[in-house]
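The exercises below are meant to be worked with the sequence and the coordinates side by side. Try each task before reading the solution that follows it.

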Amino acid sequence: MLAPAPTAQSLRRMDSPIGRILVTGDGSAVTSLVIERQGVLPLDDQTERGDDVLDTAVTQLTEYFEGGRRSFDVPVVARGTEFQRAVWQYLGTLPFGAVASYGEIGRTTGRPTAGRAVGGAVGANPVPILVPCHRVLASNRRITGYSGGNGIPTKVWLLDHEGIEHRV
C-alpha cells in the first residue's frame with residue numbers, strides 16, 4: 001500500500017537502486033520522500049516542478065546511492081506529533097552505518113516501555129533515507145519491518161549499502 005499522496009509546491013523524481021523516488025517540498029525544505037512500491041509512485045500524473053532545495057536533495061541522494069555521501073544537509077520539515085518528531089529527531093543523529101534499537105529510542109525519548117509507539121513513529125517517517133529510519137533494528141539486530149518501497153527488501157538493500165550487520 002502506498003503512503004498517502006503528499007501535497008507539494010515542488011516535486012522531483014529520481015531513479016535509484018531501490019526504485020524510483022519522489023521527493024516533494026515547499027520551496028524551503030523537503031517535506032516528503034516516497035520510494036516506489038510495485039512500480040507506482042504517488043503524483044505520477046503530475047509534472048515535475050523542481051526548486052533549489054529539491055535539486056540539492058536529488059544530488060545528495062544520488063551521491064548516497066553511488067557511495068560517495070554518508071550524511072545529508074538538505075533542510076527537512078517532518079510534520080507529526082510531538083513524540084513522532086522526537087523519534088525522527090533522534091533518527092537524524094544516527095550516523096551512516098550506525099543502528100539503534102526500538103528500546104534505545106524509547107529510552108532516549110523518555111518512553112522506555114513504548115516500543116510499539118516507537119515502531120509506529122519510525123514507520124510514519126515522511127522522509128525516509130534523509131531521516132534514516134532504516135537504521136532501526138530490534139535489539140538482536142533483526143529486521144522487524146519497513147514501510148518504505150517494497151518493504152524488507154528495500155531495508156535490506158539500505159543496510160547492506162551502509163555495511164550494517166542485520167538478521168532477517
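**Exercise 1.** Which residue does UniProt list for "active site" in its unreviewed entry? Place that residue in the predicted model, and describe its surroundings.

*Solution.* Begin with the record: the unreviewed UniProt entry lists Cys133 for "active site". Next, locate Cys133 along the chain, where it falls in the loop that runs between helix α4 (115-123) and strand β5 (136-137). Then consider its exposure: the relative accessibility of Cys133 is 5%, and because buried means under 20%, Cys133 counts as buried. Finally, collect its contacts, leaving aside residues up to four places away in sequence; Cys133 then touches Leu91, Val122, Asn125, Pro128, Tyr146 and Lys155.

**Exercise 2.** In what order do the three strands of the open sheet lie, and in what sense do they pair? Work from the order of the strands to the individual pairings, and then to the helix that packs on the sheet.

*Solution.* The open sheet has the strand order β1-β2-β3, with antiparallel pairing. Its edge strands are β1 (10-14) and β3, each of which pairs on one side only, and the twist from one strand to the next averages 15 degrees. Taking the pairings in turn, β1 and β2 are joined in the antiparallel sense over five bridges, and Leu11 has Thr24 in β2 as its bridge partner. Helix α1 (residues 52-65) packs on this sheet, touching β1, β2 and β3, and its direction makes about 20 degrees with that of β1.

The second pairing, between β2 (residues 21-25) and β3, is likewise antiparallel over five bridges, and here Gly25 has Val30 in β3 as its bridge partner. These two strands form a hairpin with four residues between them, and in the turn Gly27 has a positive phi of about 100 degrees. As for cover, six of the six residues of β3 (residues 30-35) are buried.

**Exercise 3.** How many helices and how many strands does the protein chain have? Use the answer as the starting point for a description of the whole chain.

*Solution.* The count is five helices and five strands, and from the N terminus on they run β-β-β-α-α-β-α-α-β-α. The radius of gyration is 15 Å, close to the 15 Å that the globule rule gives for 168 residues, so the chain is as compact as a globular protein of that length. Turning to burial, 49% of the 168 residues are buried. Among contacts with a separation of 6 or more, 62% are between residues 24 or more positions apart.

Technical notes. Residues numbered from 1 in each chain as written. Predicted model: local features only at pLDDT ≥ 70, side-chain atom pairs only at ≥ 80, totals over all residues. Heavy atoms only, no water. UniProt positions renumbered as here; feature names shortened; annotations may be inferred. Buried < 20%, exposed > 50% of the residue type's maximum accessible area, 1.4 Å probe, protein only. Contact = heavy atoms within 4.5 Å. Pairing = 2+ DSSP bridges. Axes fitted to C-alpha atoms, helices over the stretch in contact; angles between N-to-C directions. Rg over C-alpha atoms; globule rule 2.2 N^0.38 Å.
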